[in-house]
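Trainee: I've got a chain to look through and I'd like to go over it with you. Can you pull it up?

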Amino acid sequence: METEEIILDRKLIKNYIYNILYQVVTVLAPLITIPYITRVLGDTMLGVNAFTASFVQWFVIFGIMGINNYGIKTIGTVRDDRKKLSETFFGIFLMQMTNLAVVLIIYLLYISLGSRPYKLIYFIQGLTIVSTMFDISWFYLGIEDFKINSIRNILIKIIGILLIYLFVKSTDDLPVFVLINGSVAVFGQLIMFLQLPRYIDRVKVSLKQAYQDHFKDNLVLFIPQIATSVYNILDQTLVGMLAIDWEEQSAYYQQAIRFVRMFLYFITSIGSVLMPRIANVYSKGEDVSGYLNTTMRLALYLAIPIMFGTASVAPSLIPWFLDSSFSIVSTLIMVACPIILLVSLSNVYGIQYLLPTGRMKEYSTSVVIGALVNLFSNILLIPRMGALGACIAIVLAESSVTLTQMIFIRNKLQFDISARTVILYFADGICMAGIVMLIGRWMGPRLLTNLVQVGCGALFYLGLLTVFKEEFHMNMIQKAVEILKK
């Protein structure tokens, strides 16, 4: 399939727009709540929230196993057969409910035993397990209906923001804050069931049949899920366990990584949109290289300026955006920013190619290597450097994942991207970052400064690509004009 045809695929464009709409809300929500929460709850309470949330995630991982990716891939391959789609959905969902119900019981029993600080917070965080129990977003992503998932997510973000401003007023309100986040998450999962009858019929699936049909294949994805979680969750957990002033360091690390990842979602949305499509196309024996070439170009086109832009905006954003006690967060963001590019590349290699095409061994190996690198790096660096050590560790881990996946696919997949294009993107991004930082020093830390930085940075980056008539950039402009004319 030609690149132009892929870009003009209306369903893919519509799904990406819905996903981007949600990501915009995802970015705006913290911009609205974080300045308020950091000042009301403070770094210590936010650190407690971050650590307890990472703790409960370990139970979620062992309950959900690899169901998210497995569900998207499996639903994507059977979506054209309503009967098979119905049976597949209920089988996967029944297994998911059973796994997480067992995990919830174990979690509550574990928390009940002995005495520990912030015991109430641990109990309320258990709502995360409940919300995951009813999470069927993998079904809608598998059938490529991103509308309902995006609208749901936007709705719960808005409700959560309103409740936080209404009920969280002091450091004593940490339980209320955690309860709001957990309850809104559960509500968001339950409303997803209202649209199910449009796509599937109610069929009876036994528990034995569900496990026979799906457990083994899902278990294959459990190893990479565990490994991925090591460097997505373990770093937060280890900061809480190994750092000297663990409450504050946990809060600093959480805010820095959250800030970096909120912009990363704009790029990884491409993988979410394309994974079910590639699984469906590949299951029919058709070529998927056209999709992957397009998304690789798009990933580089977006990731490089976002990486440099995020790093250059941080020094003039954090001083006014967060409480003064969070000043170190700007440094942490600048250190962690390379993961924007690294995760964007591994998203193409792993999520868009290795997983949908059934290359589980290669994918698992890459994330296991990343997990080991992250684990040992964290153990070495966090006791000496705290949150900064965790940021360095996650960059090292993502680098190892991306490099390993590149080695695995080098003889299987060829990307039609010239070295000149990549060099141009980097040179453009570096020059843009220099201009953005100069604006920050000239205007000082404030909201207006950041708005000017973003506007000027985007104009410079896109303008320079236009001057050099970079092929992909010019094609994007041409296709955008054609779509607007229609």
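Mentor: What follows is a run of questions and answers on this predicted model.

Trainee: Before anything else, what is the mean pLDDT of the chain?
Mentor: Start with coverage: 87% of the residues reach 70 or more. Residues 1-8 fall below 50, though that stretch still has 18 contacts in the model beyond near neighbours in sequence. Where pLDDT is low, the coordinates should not be read in detail. For the chain, the mean is 84.

Trainee: How many helices and how many strands does the chain have?
Mentor: Both counts are for the chain of 486 residues. The tally is 0 strands and 21 helices.

Trainee: What share of the residues is buried?
Mentor: The cut-off here is under 20% relative accessible area. The chain exposes about 21000 Å², and carbon and sulfur atoms supply 67% of that. Taken over the 486 residues, the buried share is 56%.

Trainee: Among contacts with a separation of 6 or more, what percentage joins residues 24 or more positions apart?
Mentor: One example of a pair far apart in sequence is Val-205 and Gly-91, 114 residues apart along the chain, and Val-205 is in contact with Gly-91. For the chain, the percentage is 84%.

Trainee: Let's stay with that valine. Is Val-205 buried or exposed?
Mentor: Val-205 sits in the loop between helix H10 (174-190) and helix H11 (207-220). Leaving aside neighbours within four places in sequence, Val-205 touches Glu-87, Phe-90, Gly-91, Leu-94 and Ala-210, and its C-alpha is 6.1 Å from that of Gly-91. Because its relative accessibility is 14%, Val-205 counts as buried.

Trainee: And Gln-405, what is its relative accessibility?
Mentor: Gln-405 belongs to helix H18 (residues 387-409). Beyond neighbours within four places, its contacts are Ser-346, Tyr-349, Gly-350, Leu-354, Tyr-363 and Ser-366. Gln-405 counts as buried, with a relative accessibility of 1%.

Trainee: Where does Tyr-291 lie, and what is the C-alpha separation between Tyr-291 and Ile-278?
Mentor: Tyr-291 lies in helix H14. At a relative accessible area of 3%, Tyr-291 is buried. Ile-278 is 13 residues away along the chain, and the two C-alpha atoms are separated by 7.7 Å.

Trainee: On to the cavities. Which helix supplies the largest share of the lining of the second largest cavity?
Mentor: A search of the whole structure finds 2 cavities of 30 Å³ or more, and the second largest holds about 40 Å³. Its lining is Ile-34, Gln-255, Phe-259, Met-262, Ile-318, Phe-321, Leu-322 and Val-329. Helices H13 (246-283) and H14 (289-321) each give at least two of the lining residues. The largest share, 3 residues, comes from H13.

Trainee: How many of the residues of H4 are buried?
Mentor: Helix H4 covers residues 67-78 and reaches 16 Å from first C-alpha to last, close to the 16 Å expected. Its buried residues are Ile-67, Asn-69, Tyr-70, Gly-71, Ile-72, Thr-74, Ile-75, Gly-76 and Val-78. The helix is mostly covered, and the count is 9 of 12.

Trainee: Which residue just after H19 takes a positive phi?
Mentor: Helix H19 (residues 419-443) has 25 residues and reaches 36 Å, close to the 36 Å expected. Buried in H19 are Thr-421, Leu-424, Tyr-425, Asp-428, Gly-429, Met-432, Ala-433, Val-436, Ile-439, Gly-440 and Met-443. An α-helix has 3.6 residues a turn, so residues three or four places apart point the same way. Just after the helix, at a phi of about 85°, comes Gly-444.

Trainee: What about Tyr-118, what is its phi near?
Mentor: Most residues other than glycine have a negative phi. Tyr-118 lies in the loop between helix H5 (82-112) and helix H6 (119-125), and counts as partly exposed because its relative accessibility is 32%. Its phi is positive, near 60°.

Trainee: Last one: is Lys-469 buried or exposed?
Mentor: Lys-469 lies in the loop between helix H20 (447-467) and helix H21 (471-485). Its phi is positive too, near 50°. With a relative accessible area of 61%, Lys-469 is exposed.

Key. Residues numbered from 1 in each chain as written. Predicted model: local features only at pLDDT ≥ 70, side-chain atom pairs only at ≥ 80, totals over all residues. Heavy atoms only, no water. Helix = DSSP H or I, 4+ residues; strand = E, 2+ residues; numbered from the N terminus. Expected span 1.5 Å × (residues − 1). Buried < 20%, exposed > 50% of the residue type's maximum accessible area, 1.4 Å probe, protein only. pLDDT = per-residue confidence, 0-100. Contact = heavy atoms within 4.5 Å. Areas by Shrake-Rupley, 256 points an atom, 1.4 Å probe, with all protein chains shown as cover. 1 Å grid on protein atoms, 1.4 Å probe; cavity = no way out; pocket = protein on both sides within 12 Å on 5 of 7 lines; lining within 4 Å. Points joined across faces, edges and corners; volume = space filled by probe spheres on them.
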